[in-house]
Structures are given as structure tokens and as C-alpha cells.
Amino acid sequence: MEGQKHILISGVCNVLHQDDGFGIEVVRQLQKKNGLPETVEIMETGIGGIHLVQELYRGYEVLILVDAVSRDREAGQIYMLEAEVPDINEFSFDEKSEFLADMHFTNPSRALMLAKALNILPEKVYILGCQPVAYQDFDLGLSEEVFKAVPYAIEQLESWVERYYKDKETSDQ
């Protein structure tokens with residue numbers, strides 16, 4: 001389909017928690033740079049997971065979430081992980097009820113589970129994570145280590161997207 005978006009890159013986080021603002025900073029700079037193909041959609045999700053679910057209804061092949069994720073690594077280290085999204089049917093009735101009752105504050109994992117249940121989750125879901133230094137409540141701004149990782153994260157995303165389209169072109173032939 002003409003104009004179809006293939007890849008959604010979404011910055012998820014809470015900018016009021018220091019390094020948790022990493023995802024938003026990356027997507028903002030990525031949007032300013034404007035170096036990705038038009039078939040890539042870039043958006044800020046923040047803590048509004050429902051907005052992400054609504055966007056997924058447009059139909060994407062790949063979803064890349066950009067977020068600060070603690071993996072006990074060196075501060076500012078960037079890594080790409082394949083996301084494992086649980087099936088909501090694996091939960092008990094009480095767990096499902098609790099899950100659905102709290103949809104006004106949907107974190108990324110809940111949004112992904114909901115998208116999977118609605119059958120709109122892309123086949124490929126990745127997380128571009130950055131090891132945070134601090135998560136102080138109501139403290140704006142990234143730590144020096146995480147701020148320095150932003151350009152590297154953008155470079156990783158651009159490189160990943162380029163490889164994706166080269167592989168896609170090769171497989172389509």
C-alpha cells in the first residue's frame with residue numbers, strides 16, 4: 001500500500017524521573033535529524049501506553065520501543081533486545097481484572113499485552129534500551145552518561161533501520 005508505514009519507533013518514559021526521559025530525548029533528536037525513510041513513524045509515547053496501542057492500529061511490521069532499562073550494565077550502555085510479550089490469556093481472572101481496571105495508566109508492557117490481545121502487535125518488537133544512572137522522582141534532565149548515549153542510540157536505530165530495509169529488499173527479490 002502506498003504510504004504504508006513499516007516501522008514504528010516510540011520513545012517511552014517518564015521525563016520527570018531523570019534518566020527515564022531517555023526514550024523521549026532520543027525520539028525528539030531523531031525527529032529533528034529527519035534521516036530515516038518515510039516508511040518509519042517516530043512518536044513520543046511517554047507514559048501513555050494507550051496512545052501507543054491506538055497508533056498500532058495503523059498496522060506496522062516492526063515496533064521499536066526506546067527506553068531506559070536497567071540491566072545491571074555500565075551506565076549509559078545501549079543495547080537492543082527482542083521483547084517477549086506475555087499473552088493476557090496466561091493470567092488468572094483476577095489478574096486480568098486488575099490489568100483491565102488500571103488501563104488509565106498503561107505502562108509499555110501492559111500496552112504491548114493489550115496490543116497482542118487485540119491482534120495488532122507487530123510480529124517483531126524490540127527495545128532499544130539504555131542503562132540508567134538515576135530515577136529520582138520529579139527531577140528533570142538526564143545524567144551525563146545517559147545524555148552522552150543519545151547520539152549513539154540514534155546511530156544504532158539508523159543502522160538497524162538501514163539493515164532492515166536491505167534485508168527486506170533481498171527477501172522480496
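This note sets out numbered points on the sheet, helices, cores and salt bridges of a predicted model.

1. The sheet. Five strands make up an open sheet of mixed pairing, in the order S2-S1-S3-S5-S4. S2 and strand S4 (78–82) occupy the edges, each with a single partner strand, so one side of each lacks a neighbour in the sheet. Direction ignored, neighbouring strands of this sheet are turned by 20° against each other on average.

2. The pairing of S1. Strand S1 pairs with S2 in the parallel sense over six bridges, and with S3, also in the parallel sense, over five bridges. Ser10 can be used to locate both pairings: its bridge partner in S2 is Met43, and its bridge partner in S3 is Leu65. For Gly11, the bridge partner in S2 is Glu44.

3. The burial of S1. Six of the six residues of S1 are buried, and the strand is mostly covered. In a regular strand, side chains alternate between the two faces of the sheet. In S1, Ile7, Ile9 and Gly11 point one way, while Leu8, Ser10 and Val12 point the other way; all are buried.

4. Helix H1. The twelve residues of H1 should span 16 Å at 1.5 Å a residue, and the end C-alpha atoms are 17 Å apart, which agrees. Phe22, Gly23, Ile24, Val26, Val27 and Leu30 are buried in this helix. An α-helix has 3.6 residues a turn, so residues three or four places apart point the same way. The cover over the buried residues of H1 includes S1, S2, S3, S4, S5 and H5. Asn34 follows H1 and has a positive phi, near 55°.

5. Helix H5 and the sheet. H5 lies across S1, S2, S3, S4 and S5. Relative to S5, H5 runs at about 155°.

6. The nonpolar cores. The largest nonpolar core has 27 residues, of which Ile7, Ile9, Phe22 and Ile64 touch the most other members. Strand S1 (7–12), H1, S2, S3, strand S5 (124–130) and H5 are the elements that give two or more residues to this core. H5 gives the most, with ten residues. A second, separate core of 18 residues includes Val12, Val53, Leu114 and Ile120.

7. The surroundings of Ile9. Leaving aside residues up to four places away in sequence, Ile9 touches Val27, Leu30, Leu36, Val40, Glu41, Ile42, Met43, Ile64, Val66, Leu157 and Val161. Ile9 is buried in S1, and Val27 and Leu30 from this list are buried in H1.

8. Salt bridges of H5. Side chains of opposite charge can pair when their charged atoms come close. The model has eight salt bridges. In one of them, Glu158 pairs with Lys33, with 3.0 Å between the closest N and O atoms. This pair links distant parts of the chain, Glu158 being in helix H5 (residues 144–172) and Lys33 in helix H1 (residues 22–33), 125 residues apart. Another joins Lys168 to Glu61, with 3.1 Å between the closest N and O atoms. Lys168 lies in helix H5 and Glu61 in the loop between H2 and S3, so this pair ties together parts that are 107 residues apart in sequence. Lys168 has a relative accessible area of 22% and is partly exposed; Glu61, at 28%, is also partly exposed.

9. The network around Arg58. Arg58 and Glu41 form a salt bridge through their side chains, at 3.8 Å from N to O. Arg58 is in the loop between helix H2 (49–56) and strand S3 (62–68), whereas Glu41 is in strand S2 (residues 40–46), and the two are 17 residues apart. Arg58 has 46% relative accessibility and therefore counts as partly exposed, since exposed requires over 50%. Both residues belong to a network of salt bridges that links Lys5, Glu41, Glu55 and Arg58. Glu41 is also among the residues that Ile9 touches.

Technical notes:
Residues are numbered from 1 along each chain as its sequence is written. This is a predicted model: local features need pLDDT of at least 70, side-chain atom pairs count only at pLDDT 80 or more; totals for chains, interfaces and linings use all residues. Side-chain values use heavy atoms; hydrogens and water are left out. A salt bridge is a side-chain nitrogen of Lys or Arg within 4 Å of a carboxyl oxygen of Asp or Glu. Helices (H or I, at least four residues) and strands (E, at least two) are DSSP runs, numbered from the N terminus. Buried means under 20% relative accessible area, exposed over 50%, partly exposed in between (1.4 Å probe, protein chains only). A nonpolar core is a set of buried Ala, Val, Leu, Ile, Met, Phe, Trp, Tyr and Cys residues joined through side-chain atoms within 4.5 Å. Contact means heavy atoms within 4.5 Å. Two strands pair if DSSP finds at least two bridges between them. Axes are lines fitted to C-alpha atoms, for helices over the stretch in contact, and angles run from 0 to 180 degrees between N-to-C directions. The expected span of a helix is 1.5 Å times one less than its number of residues.
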